[in-house]
Amino acid sequence: MNILPLLQYAVVAALAVPHDAPPRAGKLTVVATTPDLAAIAREIGGDAVDVKALAKPTEDPHFVDAKPSHVVTLNRADVLIEGGAELELGWLPPLLESARNAKIAAGAPGRIVASQGIRMLEIPTSFDRAKGDVHSLGNPHFLVDPLNAKIVATQIAQRFAQLAPASASAINANLARFNATVDAKMGEWQKLLAPYKGAKIVTYHKDFPYLAARFGLDIVENLEPKPGIAPSPAHIAAVIMLMKTQKVRVLVVQPYQNRKTAETVARQTNGVVLDLSQQPGAIKGTDTYIAMMDAMIKSLATALGEAK
Amino acid sequence: MRLCFRIATMVATSVATFALGGSPLGAQQTPDSTARAQQRTLDSLTASMRALEARLDSAERLPAPAPTRTSGAYMNVSFVGLSDFLWSSTPDVAGLQRGGHEPKVRGFSIPNAELALDGTVDPYLKAFVNIVHLLDEKGETSVELEEMYFLTTGLPKNLQLKVGQFFTEFGRQNPQHPHAWAFGDQPLVLNRMFGADGLRSQGARISWLLPTSFYAEAMLSVMNSAGPTTYSFRADDSGEIHGGVPMERGVRGGGDMLYVPRITASFDPTSTQTLLLGASGAFGPNNTGPDARTAIYGADVYWKWKSPRAAAGFPFVAFQSEYLARRYDAASRPSQYPQVVTVNMPSAMLRDDGAYAQLQWGIKPRIVAALRGEYVNGDHASLEPLRERRTRVSPGLTWFPTEYSKFRIQYNYDQRRSWGADHTLLVQFEFLLGAHAAHKF
C-alpha cells in the first residue's frame, strides 16, 4: 500500500486549515490550575479576562487527571496561573508538554507561579519520603492566609496589566478594591476568631497551617500520619487519645477527604467534623475568594464556639 | 530583621554624628553653617526613618518573599524497579509469557529496572532518556537504551517534533512504559503484532494539535523498519510470523521506511467522564521478499469516570480496549524447517487480528481491581503455532501504598489452541525512586 500520496494530502490539509484561535475581543484567556487562583484572577482581571480553572473545586488538587481537554484549554491560553511549590507536579508537566504553547512556557510573561513571593511554611530541611509526600518547596496550601491572597493578587495584577496594557487602569482599580475588601474583611475575621486564640484543632491533611498561623489557631495533629499517607488504625488511636487528653473537639475535613474516618474519630472524642473547603465553589454560595474565606472563618468560629 | 538592623545602624550613625559635633567637614565651617548642616542631616534622617517605617509597616502586612527556590537541578532522575514472582501450570514460562517485561521462569524475576532521565535542554527542546536493565532467566544482566529522544517545545502552528528512538505512537498501550500498565503483562495482541518489547525504533514523529473545539491530534512517525523491536517488519525473528527464512533486505528508498500515522480525539461527555478514541496504522516492508509489505491497523478506546470528590484520584472506573489487525504480505520464501518442508513456501497474505478489553475499578484510595479479557487469532497459511488462536482472562488486584510503590496480584487463565489451558499466578512489587512521576492521561 502506497501511503505517500495520503501523507502529502494530510500535510497540505494541515497547512491549509487556518488554526489560530480567533481574537476574543481583546480579552486575555486565563487558565488557573485551581479554582482559588481562578477566583482571584476573575476579581483582578474583571472584564479584561476570561478565566477557567482546571481542577474541580471538590477534588484533590494534588491528583487532577491530565485530561486531553485540558491540553486544548492550555493550548489556547494567554496566561497560566499555577500554585507552584509542586502542588501540580503530578499532572501539569505532561499537559504543558502536549499543549505546546510558548505564551505560557516557564519564564514567559504568560506564566504566573503564585507561590513566588509567598513566605512558604514547612520547607523541609532534608528530602526524605519516609516522612510522606512532603513538598520540597514548602506547604502549597498558602491561599487560606488572606494576606497571601493579596500578594498573589498583586502579582496577577502586574502581569495582567503588562499583557493587557489597555486595561491596566481597570486592573489596578480591581486590585485596589480587592485589597481593600480583604483588609476590611480581615478585621472582621480576626474579631470573629479572637476569642479562640490558641484553640486546638485537628485537620485531616496538613492543609491549614497558613490559616492557623494567621489567626492563632493550634493544629495539634492530622488524621494522616504523614502528608499523603492514609490514616492507619494505630495513628487514629493515637489521635483519639491526644484529642481526649488535650480536649480537642474540632476536626476539619475538606470535601475530597475521607469524612468517614473523621466521623469515627469525632464519635469517640465527642467532637465535631467541620467541613471546610479551600476552593471557591465547593460549598454553595462561595464562588468568590472572599465568600469562600468568609464561609470558612464563620463556620470555624461557630464550631469552635460550640465546642468550647 | 534586616530592616531593623539598618534602622539601628542609621540611628547609631546619627547619634555618633551629634556626639562628634558634625562631620569633619563641619569642623572647618562657621557655627551657624554647622547648625544648618546638622539640621539638614536631622531632616534627611527623619525622612529616611519615615520611609523605613512605611516600608516596615508594609512589610508587616505583606511579608517579604522567602528566597525563591527552584526544584531539582537541570534534569529529573528516577529509577523504577520491578520484581515479579510467578507460578504457572506450565514449566515453559518463556513460551507462555512472551513479553519482554515478564517473568520467563517459575519463581522470582526482575523483569524491569529502568533509569529515566528527563529535563529541559534549552528554550526549544525537552529530552527524555530511558535506560533499561534486564535480568534474563539465568540472572544475567543486559543494558538497553530503550528510549532517547528530544521533543520540541515551541514550534509554530501547533506542531511538535520528536526525534530519536522511542516507542511508536500506535494505539494506547504501545507507547506506555510497564509501570503505567494496568496488568503485569503485555496484552496478547500487542505481543503478536509488535513482539516482546512493543513497536519501537529510531525515527521522527511530527504531531499536529488540531484547531478543533475538542481535543484532536494527528501524528505521523517515520522510522527505521529494521531491528529487534520492529517485529512485523524487518526484524530478524520475523520467521515466527511467516515460518520462512528472512532475507537480507536493505533500504532502497522511502518505501522501505516504517510509516505510522495516528489520529486521536477526546471528549468529556460529562464533567466527570472522559472519552479518548484513536485510530492508527503501521505500514512498512517485511523481510520475506524484496517487495513484501506489512500493514497493521488499530483502533483504541479509553473511557474514564472519576468522582468529583476524588481523593488521591480515587474512586474511578476506567475502560480500555484496543483492536488490531495485520495483513502480512509474505513473499515466496524458503522454510525455516528445511528438513520438513523442502520446497519454498508459497507467497501468501497472512492475516491476524486480536483485541483486549480491560476494566479498572479504583475502589477506594490506592486500591484498584481490574479484569481483562482478550483474544488473538491468525489464519493457517504459515503453519506457525505462534499465530494460532489464544484467549486469556485475567483478574487482578493492585494496591499502591503510596504513589511511589505498588503491589499487584494477578491470575491468568490462558487457552492456547495447541497447548490447552494454563493457569498462572503473578505477584508484582514495584518501587519508584527519585523524581515524582507525572503521567499522561
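The following exchange takes a predicted model and asks what supports each label put on it.

User: Why is the pair A:Arg214 and A:Asp145 called a salt bridge?

Analyst: The rule asks for a Lys or Arg side-chain nitrogen within 4 Å of a carboxyl oxygen of Asp or Glu. The side chains of A:Arg214 and A:Asp145 meet at 3.0 Å, N to O. That value is within the 4 Å cut-off, so the pair is a salt bridge.

User: What makes pairs of this kind possible in general?

Analyst: Side chains of opposite charge can pair when their charged atoms come close.

User: Which domains does chain A have, and how do you know?

Analyst: The domain assignment gives domain 1 (4-185) and domain 2 (192-307) of chain A. Their C-alpha centres lie 28 Å apart. The contact draws 35 residues from domain 1 of chain A and 27 residues from domain 2 of chain A.

User: How much area is buried between domain 1 and domain 2 of chain A, and which residues of domain 1 supply the most?

Analyst: About 2,500 Å² is buried between domain 1 and domain 2 of chain A, with carbon and sulfur atoms giving 64%. On the domain 1 side, A:Pro57, A:His141 and A:Val144 supply 23% of what that domain buries against domain 2, more than any other three residues.

User: What polar links does the rule find across this domain interface?

Analyst: It finds 3 salt bridges between domain 1 and domain 2 of chain A. It also finds 9 residue pairs in polar contact. Helix H2 (35-45), helix H5 (146-163) and helix H6 (168-193) of chain A each supply at least two residues of the domain 1 side. The largest share, 5 residues, comes from H2(A). By class, that side has 17 nonpolar, 8 polar and 10 charged residues.

User: Now the chains. How many residues of chain A and chain B are in contact?

Analyst: 51 residues of chain A are in contact with 59 residues of chain B. The area buried between the chains is about 4,900 Å², and carbon and sulfur atoms give 56% of it. The rule finds 5 salt bridges across this interface. The count of residue pairs in polar contact is 19.

User: Which elements of chain A give two or more residues to the side that touches chain B?

Analyst: They are helix H1 (4-16), helix H3 (68-75), helix H4 (92-99) and H5 of chain A. H3(A) gives the most, with 5 residues. The side of chain A that touches chain B has 27 nonpolar, 10 polar and 14 charged residues.

User: Why do B:Glu217 and A:Arg100 count as a salt bridge?

Analyst: Their side chains meet at 2.9 Å, N to O. The cut-off is 4 Å, so the pair qualifies.

User: What makes B:Asp268 and A:Lys67 a salt bridge, and why does the pair join two chains?

Analyst: The N to O distance is 3.6 Å. That is within 4 Å, so the rule accepts the pair. B:Asp268 sits in the loop between strand E8 (258-267) and strand E9 (273-285) of chain B, while A:Lys67 sits in the loop between strand E2 (49-53) and H3 of chain A, so the pair joins two chains. Over all chains, the structure holds 35 salt bridges.

User: Why is the pair B:Tyr149 and B:Phe166 called edge-to-face?

Analyst: The ring centres are 6.0 Å apart, and pairing needs them within 6.5 Å. The planes stand at 75 degrees, and over 60 counts as edge-to-face, so the label fits. B:Tyr149 is in strand E4 (residues 141-152) and B:Phe166 in strand E5 (residues 159-167) of chain B, 17 residues apart. The structure holds 14 aromatic pairs over all chains.

User: What is the omega of the cis peptide bond that joins B:Phe314 and B:Pro315?

Analyst: Omega is about -5 degrees at that cis bond. B:Pro315 lies in strand E11 (residues 314-330) of chain B.

User: What is phi of A:Glu86, and where is the residue?

Analyst: Phi is near 65 degrees, a positive value in a residue other than glycine. A:Glu86 lies in the loop between strand E3 (79-82) and H4 of chain A.

Methods
Residues are numbered from 1 along each chain as its sequence is written. Chains are lettered from A and ligands numbered from 1 in the order in which they are written. This is a predicted model: local features need pLDDT of at least 70, side-chain atom pairs count only at pLDDT 80 or more; totals for chains, interfaces and linings use all residues. Side-chain values use heavy atoms; hydrogens and water are left out. Domain bounds come from an automatic or database domain assignment. Contact means heavy atoms within 4.5 Å. Buried area is the accessible area (1.4 Å probe) that two parts lose on being put together, summed over both. A polar contact is a pair of N or O atoms within 3.5 Å; within protein, one must be able to donate a hydrogen and the other to accept it, and residues adjacent in sequence count only if both atoms are side-chain atoms. Helices (H or I, at least four residues) and strands (E, at least two) are DSSP runs, numbered from the N terminus. Ala, Val, Leu, Ile, Met, Phe, Trp, Tyr, Cys and Pro count as nonpolar, Asp, Glu, Lys and Arg as charged, and the others, Gly among them, as polar. Rings of Phe, Tyr and Trp (its six-membered ring) pair if their centres lie within 6.5 Å; planes under 30 degrees apart count as stacked, over 60 as edge-to-face and the rest as tilted.
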